[in-house]
Amino acid sequence: MDLQTLSYIFVGATFALYLGIAFWARAGSTGEFYVAGGGIHPVANGMATAADWMSAASFISMAGLIAFNGYGASVFLMGWTGGYVLLAMLLAPYLRKFGKFTVPEFIGDRYYSQTARIVAVVCLILASITYVIGQMKGVGVAFSRFLETSYEAGLFVGMTIVFFYAVLGGMKGITYTQIAQYCVLICAYTVPAVFISMNITGNPLPQLGLGSSLADGSMTMLDKLDMVVTDLGFKEYTTQKLGGTLNMFVYTLSLMIGTAGLPHVIVRFFTVPKVKDARASAGWALVFIALLYTVAPAVGAMARLNLMETIQPGPIGAPDGNLVYEERPQWFKNWEATGLLTFEDKNGDGRIQYYNDKNPEFAAKAESFGWQGNEMVQVDRDIMVLANPEIAQLPNWVIALVAAGGLAAALSTAAGLLLAISSAISHDLLKGVFMPEISEKAELNAGRIAMAGAIAAAGYLGLHPPGFAAGTVAIAFGLAASSIFPALMMGIFNKKMNSQGAIAGMAAGIGVTMLYVFQHKGILFIPGTSFLGDMGANWFFGISPNAFGAIGALVNFGVATMVAKVTAPPPEHIQHLVEDIRVPKGAGGATGH
Amino acid sequence: MSDSNGNAAAYWSANLRLLTMCLVVWAIVSYGFGILLVEPLNAIQIGGYKLGFWFAQQGSIYTFLVLVFFYAARMNSLDREFGVSED
């Protein structure tokens, strides 16, 4: 069967499954809509959390980042898993004991302040919207590549599917579909990895394959990769850094704190029955995430090796050492058609030279071979996972499976984010602030309308992605790390933290982070509006803007502690509340009252 | 009343001790072995991995897993010991 028919079958079957689940798991109450009735088993919740967390970025982009950044990409591997340690120990069990529906609700009650609640709602919506745009784009791209539809048509199909199960089922529908989506995405990720690891090293486990010898026994896979890339003037794979050591340190910390502060992840721990389950569930989530995250380094390294060897099959510098352009493989042509892979025959020899022409030492050597610059003008990192099965010449059904997996990853995260946005609007703003007397039925309908509105808005932004979409990940993590995480953590661990301290801390944390990001990328990402003039990139100790959330969090902690010292301590009943959430005994189901 | 307060305080400080211990390990494997000490550790080779590289891309993640389950299990027994369990 040809690839397109297979892709339609795989994607069609998974979509039918999601719709079936949506119909079965309809939400009948606000409790079911916001927290799935609070009765989700911790293992099931862990699986749903993993799907919720692993987005198109984890599925599609991360292995590409690893392939081209080698050791430097460890910041993503450690950052996006280490956050779960913080969640499991510092937040999840206590927020579950508190037993309400949303993150802003906790902040509003703990800091006895509607202002704090509204600040939290704003942070949550900003962080979630910037995140959801990327998911929508992922859906459109996966459709347009594999089903050969237009980007727009792909986006509409994706929106319709999410609409059905998220609006009908709320958190309950989302949870059960996420479990199905996890199964699809993890198969789609590991199956090709097992094949490729077998081919290259003979070891079927990618985690071990990465540290094994090549199938011919000549040398280890990583030594070979180091040799292949350095021979062409690139940095050594296993030691190349992302910025400097300090940048890597702060970057990892920002991603960890940001992960623990992202509201669509935190809210998943409100759905389990007990405090004990919240602790275990964080562990299960990490098990399911680690399944993908420990495979990703192998996928990245092996994709890089395959790519290099495809283009440079013979000795470097020999006249026939490079791939003849006319004999390029089919995947090369497919990705050229998308514009994500571009070749330019600079020296007119009809062969492809792929090397690091930014390395002066090697560039000089290349010139003596008659090479006139790197001819792989563009190799988009995001194509690595999607092209990998084709590069490794795996059967068509594996490629179709990868398409279904990419869609599952993007849809599951989009649904989780949309729920976080709609519950912030219907529960925190409408019921919490503007119409406290609203009936449960009306609130449930409001939640559904907010969800439909959020889907429409996300779809619109997906169709007309603002020019700054690429820079917004820094904002999402920066906001979560610099505002939400510190406010939650101090709310639990510092009994004396008061509303003035928390609000000042959140404002200062966000302020500093935003200033640094905007200084680099322009105010609201409009180029050329960097207000302090040109200060050089990463001027603060070489820290990149994406890595700045940890500094924002430190500022938040510092300012909050100072302000709380000079203002009145929180009232007695709030201090009792904090003492109460610290012990598991007496946790009821999550309620909105 | 004072007794139950004292009990809650003892439970909380036992929790904080456990927490600190876990977070120290968390920081050592990731920030320590994976980033700050990566170069000296890379001199050691395990299988086909340089040790520092292994911690950064594999070992730290496995350690995180063990830590979360260890913490959950220890907390469950602390809950029972101090009589604050939900069951």
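**Exercise 1.** How many residues does the contact take from chain A, and how many from chain B? Work out, too, which elements of chain A give two or more residues to the side that touches chain B, and which classes of residue are found there.

*Solution.* The model is a predicted one, and the place to begin is the count on each side: chain A brings 42 residues to the contact, while chain B brings 35 residues. The next step is to assign the chain A side to its secondary structure, where the elements that give two or more residues are α5 (74-98), α10 (221-231), α11 (245-261) and α13 (275-293) of chain A. Of these, α13(A) gives the most, with ten residues. The last step is to sort the side of chain A that touches chain B by class, which yields 22 nonpolar, 14 polar and six charged residues.

**Exercise 2.** Describe the fold of chain B, and explain why chain B is more spread out than a compact globule.

*Solution.* Start from the elements: chain B has three helices and two strands, and read from the N terminus these follow the order α-α-β-β-α. Then compare the radius of gyration with the globule rule: chain B has a value of 18 Å, whereas the rule gives 12 Å for 87 residues, and because the former is well over the latter, the chain is more spread out than a compact globule. The spans of the C-alpha trace along its principal axes, about 60 × 25 × 15 Å, can be set beside this.

**Exercise 3.** What percentage of the residues in chain B are buried, and what percentage of its contacts between residues at least 6 apart in sequence join residues at least 24 apart?

*Solution.* For burial, the share is 37% of the 87 residues in chain B. For the contacts, taking those between residues at least 6 apart in sequence, 54% join residues at least 24 apart.

Note on methods:
Residues numbered from 1 in each chain as written. Chains lettered and ligands numbered in written order. Predicted model: local features only at pLDDT ≥ 70, side-chain atom pairs only at ≥ 80, totals over all residues. Contact = placed C-beta atoms within 7 Å. Helix = DSSP H or I, 4+ residues; strand = E, 2+ residues; numbered from the N terminus. Nonpolar A, V, L, I, M, F, W, Y, C, P; charged D, E, K, R; others polar. Rg over C-alpha atoms; globule rule 2.2 N^0.38 Å. Buried ≥ 20, exposed ≤ 12 C-beta atoms within 10 Å, placed from the backbone.
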